[in-house]
Amino acid sequence: MIIMKMMLKLLIVTQYYGTLASPSKGLARTACEELREKVKATNIESATGKVFFDTPLTWKDPELRSVRSLERICLNVRRSTNVTELDEDRTKALDDLVKYFALDTDWRSVVQYWQCFRFHKEQHFRTGKASKHLSSSDIAAAVSRRLKEEFGWELDSKKGEFEILLYLSDEERQLG
């Protein structure tokens, strides 16, 4: 029974992504090599300024925290590259983003992974058409408000223990 539990633990793979200090291909290549060597990463995918990868390690494992070629390593909660264009109507566009980032995401699993029960900090990055009629503040307020309503989480940007990163472009939506 103990051996079975240990084997199951080894089979659980979590997807992370790391941000690069600069979007150069050389730095991305170096990060991919380091991830293969240090954290036994698989399914490595390089995107502009980011590297996505799977590993059986958790944040508690020192090997994951020892990766030096990445500025930041985040749990990849949700990612979609099959993105429909946002509605021109500001309210409808915000509703769509809140649905994607707050309502259609399994937040209970995310919280269990981190063993954290408060919502502390949120940052948003957006490019493309979305940036023309929605500001980062608009998106932050809408998603934060919905998470607070749904889970009772309080936003506290000074005690950033649990940070939520949203990335929005014309081609991709990502939550980490």
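This text walks you through some sheets, hairpins and charged spots of the structure above. Keep in mind that you are looking at a predicted model.

Let us start with the open sheet. Four strands, given as 4 in the count, build it in the order E2-E3-E1-E4, and their pairing is antiparallel. Which strands sit at the edges? They are strand E2 (42-47) and strand E4 (72-75), each of which pairs on one side only. If you look along the sheet, neighbouring strands are turned against each other by 20° on average, with direction ignored.

Now zoom in on the pairs inside this sheet. E2 is joined to strand E3 (residues 50-55) by 4 bridges, and the two run antiparallel. To find a spot where they face each other, look for Thr-42, which stands opposite Asp-54 in E3. E2 and E3 also form a hairpin, with 2 residues between them. In that turn you will meet Gly-49, whose phi is positive, at about 75°.

On to another pair in the sheet. Strand E1 (residues 14-19) runs antiparallel to E4, and 4 bridges join them. Here a handy landmark is Tyr-17, found opposite Cys-74 in E4.

Further along the chain there is another hairpin to visit. Strand E7 (residues 163-168) pairs with strand E8 (residues 173-175) in the antiparallel sense, over 3 bridges. How many residues lie between E7 and E8 in their hairpin? The count is 4. For a facing pair in this hairpin, pick out Leu-166, which stands opposite Leu-175 in E8.

Next, let us turn to charges. Side chains of opposite charge can pair when their charged atoms come close. A search of the whole structure finds 6 salt bridges. One salt bridge brings together the side chains of Glu-34 and Lys-38, at 2.9 Å from N to O. Where do these two partners lie? Both Glu-34 and Lys-38 belong to helix H2 (residues 25-39), and they are 4 residues apart, about one turn of the helix.

Our last stop is a group of like charges. Asp-87, Glu-88, Asp-89 and Asp-95 form a negative surface patch. One of these residues, Asp-95, has its place in helix H4 (residues 90-103). The residues of such a patch take part in no salt bridge, so Asp-95 and its patch partners make a nice contrast with Glu-34, which meets Lys-38 in one.

Note on methods
Residues are numbered from 1 along each chain as its sequence is written. This is a predicted model: local features need pLDDT of at least 70, side-chain atom pairs count only at pLDDT 80 or more; totals for chains, interfaces and linings use all residues. Side-chain values use heavy atoms; hydrogens and water are left out. Patches are made of residues with over 30% relative accessible area and no salt bridge: like charges are joined within 9 Å, nonpolar side chains (Val, Leu, Ile, Met, Phe, Trp, Tyr) within 5 Å. Accessible areas come from the Shrake-Rupley method with a 1.4 Å probe; for residues, only the protein chains shown count as cover. A salt bridge is a side-chain nitrogen of Lys or Arg within 4 Å of a carboxyl oxygen of Asp or Glu. Lys and Arg count as positive and Asp and Glu as negative; His and the chain ends are not counted. The place of a charge is taken as NZ of Lys, CZ of Arg, CG of Asp or CD of Glu. Two strands pair if DSSP finds at least two bridges between them. Axes are lines fitted to C-alpha atoms, for helices over the stretch in contact, and angles run from 0 to 180 degrees between N-to-C directions.
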